[in-house]
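Got your viewer open and ready? Let's take a walk through this one together, picking out a few spots to select along the way.

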Amino acid sequence: MLRSALGIRKPIAALATEAEGPALARNLSAFSLVCIGVGATVGAGIFVLTGTAAANFAGPGLMLSFVLGAVASGLVALCYAELAAMIPVAGSTYSYTYATLGALPAWIIGWDLVLEFAFAAATIAVGWAGYAQSLLADAGVRLPAWLAAAPGEGGGFNLPAALVVLVLTALLMRDNRQAAGANAVLVALKVAIILGFLGIGAAHVRPELWQPLVPANEGTFGAFGWSGVFRGAGVVFFAYVGFETVSTAAGETRDPQRDAPVGLIGSLVVTAVLYVAVAAVLTGLVPYRDLDVADPIAKAMAATGLTGFSVAIKLGALIGLTTAALTALYGQARIFYAMARDRMLPDVFARIGATSRTPFVAQGLIGLVTALVAALVPIDVLGELVSIGTLFAFILVCAGVLILRRTEPERARPFRVPGGALVPVLGILACLALMASLPGDTWLRLLVWLAIGLAIWFGYGRRRVAADPGFERTGPFAGSGQSPG
């Protein structure tokens with residue numbers, strides 16, 4: 001059974017044919033993709049996890065952590081751009097893996113993407129709740145403790161985090177044009193507020209707070225020093241997750257061969273510049289050990305003495321986190337849609353609304369589950385899980401480029417990664433290095449999650465894959481005569 005599962009692959013031609021058929025609406029432009037990428041990327045990573053990473057791991061060296069994350073993400077983004085232009089369908093890494101490595105690896109990465117996108121949305125929602133409650137406190141309103149945080153953070157149920165997920169899910173179930181339009185407006189506001197923070201904060205920076213740039217290690221790996229810079233890069237790598245959402249939208253783009261590379265690379269460049277600049281200003285306004293709070297950007301702005309702008313920053317954070325959660329939820333539903341289309345999940349998740357042209361059943365389920373996770377799981381656990389899940393997915397993207405260069409060298413590539421095999425190989429090594437910097441318990445949680453996914457595959461998914469008329473046998477077990485079911 002395992003042998004036959006490894007020998008089933010979804011041909012790129014079949015994926016392309018499905019993309020041409022009646023399914024998701026193709027009405028997004030390159031600008032929409034850049035906004036989706038920036039909307040998804042500039043969120044909890046910049047408004048919440050910057051403070052945690054600076055205070056606990058990297059200090060002012062957080063600037064270098066963001067540079068390391070940007071380098072790794074840039075290598076992967078180039079690989080994503082080649083695959084997204086060549087295979088412009090919903091499903092992102094899952095679809096690419098099905099076309100290159102086969103059904104079982106595709107299931108594994110699809111299950112990993114559930115961890116990445118849904119838990120990313122939950123992480124962002126928890127950050128949103130922190131800023132929302134900070135604003136409410138400024139107005140003299142406080143929620144009961146048991147409704148204000150997850151059980152591991154002194155509460156019982158994080159109600160604001162659950163509510164924001166449910167509201168955004170309702171929007172996404174209606175029409176992707178409405179969601180994309182709302183996202184574009186919110187992204188513009190978010191970037192404007194971040195630029196305002198940079199402009200005002202830069203005038204009040206105290207350069208002595210950057211000394212030393214890399215604080216001395218405290219005796220354990222990841223507790224400052226250069227290992228702390230790498231640990232910080234692994235943690236804040238979550239901040240770069242969003243650009244991958246662009247590839248999930250390739251199947252809804254008017255000209256994916258042109259627009260997908262622009263959206264992927266353009267959104268990454270914009271966010272990388274913003275991240276490094278924010279890390280510099282943040283650690284130049286507040287001693288890094290004081291930044292482990294729910295609203296570090298607002299605290300940094302308060303340090304300037306301009307308290308009125310602190311409220312504006314909190315509003316900007318709410319906007320930024322809203323767009324990031326919106327796009328993460330959007331991407332997860334497209335993954336579920338692609339997996340159900342390939343019969344790895346129940347057919348109901350591939351159902352498209354007659355009016356909305358969105359996978360409304362998948363979107364609704366993702367929203368409910370994500371709301372529960374956001375309400376019940378602490379943000380630090382969520383952030384590290386998303387980072388390691390994302391890095392694992394990125395490794396398979398880079399490997400997919402190498403495999404398709406060998407197996408289908410003649411296929412048209414509207415965008416081609418420069419440097420031959422060098423960029424994909426460097427991308428794999430960079431992701432492995434960042435994964436190695438994460439704590440051991442994060443690795444354990446990833447393994448447990450993948451084990452659950454394998455149990456579902458062997459109990460359900462493998463029996464349905466053979467019924468997909470688009471599969472073909474490849475690899476060492478092709479033509480063995482074994483049934484995949």
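**A guided walk**

Start by selecting Leu-432, which counts as partly exposed, at 42% relative accessibility. Keep in mind as you click around that this is a predicted model. Leu-432 sits in helix 18, residues 422-436.

Now add Leu-422, Val-425, Leu-426 and Leu-429 to your selection: with Leu-432 they form a nonpolar patch on the surface. Together these residues have about 430 Å² of accessible area. Here's a handy bit of background: an α-helix has 3.6 residues a turn, so residues three or four places apart point the same way.

Next stop, helix 11. Select residues 225-236. Is this helix largely enclosed or not enclosed by the rest of the structure? It's largely enclosed, because 10 of its 12 residues are buried. If you'd like to colour some of them, the buried ones include Gly-225, Val-229, Arg-231 and Val-236. While you're here, try a quick check on the helix length. At 1.5 Å a residue, the 12 residues should span 16 Å, and the end C-alpha atoms are indeed 16 Å apart, so the two agree. (If you multiply it out yourself, use one less than the number of residues.)

On to the rings. How many aromatic pairs does the structure hold? There are 8. Select Tyr-80 and Phe-394 to see one that is edge-to-face, with 5.7 Å centre to centre and 85° between the planes. This pair links distant parts of the chain: Tyr-80 belongs to helix 6 (residues 62-86) and Phe-394 to helix 17 (residues 379-407), 314 residues apart. You'll have to look inside to find them, since Tyr-80 is buried at 0% relative accessible area, and Phe-394 is buried at 0% too.

For another set of rings, select Trp-107, Trp-111, Phe-119, Trp-449 and Trp-457, which ring pairs link into a cluster.

Last stop: the cysteines. Select Cys-79 and Cys-398 and show their sulfurs. Why is there no bond between them? The sulfur of Cys-79 is 3.8 Å from that of Cys-398, its closest cysteine sulfur, and that is too far for a bond. A disulfide needs the two sulfur atoms within 2.5 Å. Searching the whole structure turns up 0 disulfides. Both cysteines are tucked away from the surface: Cys-79 is buried, with a relative accessible area of 0%, and Cys-398 counts as buried at 0% as well.

Methods:
Residues are numbered from 1 along each chain as its sequence is written. This is a predicted model: local features need pLDDT of at least 70, side-chain atom pairs count only at pLDDT 80 or more; totals for chains, interfaces and linings use all residues. Side-chain values use heavy atoms; hydrogens and water are left out. Helices (H or I, at least four residues) and strands (E, at least two) are DSSP runs, numbered from the N terminus. Buried means under 20% relative accessible area, exposed over 50%, partly exposed in between (1.4 Å probe, protein chains only). Rings of Phe, Tyr and Trp (its six-membered ring) pair if their centres lie within 6.5 Å; planes under 30 degrees apart count as stacked, over 60 as edge-to-face and the rest as tilted. Patches are made of residues with over 30% relative accessible area and no salt bridge: like charges are joined within 9 Å, nonpolar side chains (Val, Leu, Ile, Met, Phe, Trp, Tyr) within 5 Å. Accessible areas come from the Shrake-Rupley method with a 1.4 Å probe; for residues, only the protein chains shown count as cover. A salt bridge is a side-chain nitrogen of Lys or Arg within 4 Å of a carboxyl oxygen of Asp or Glu.
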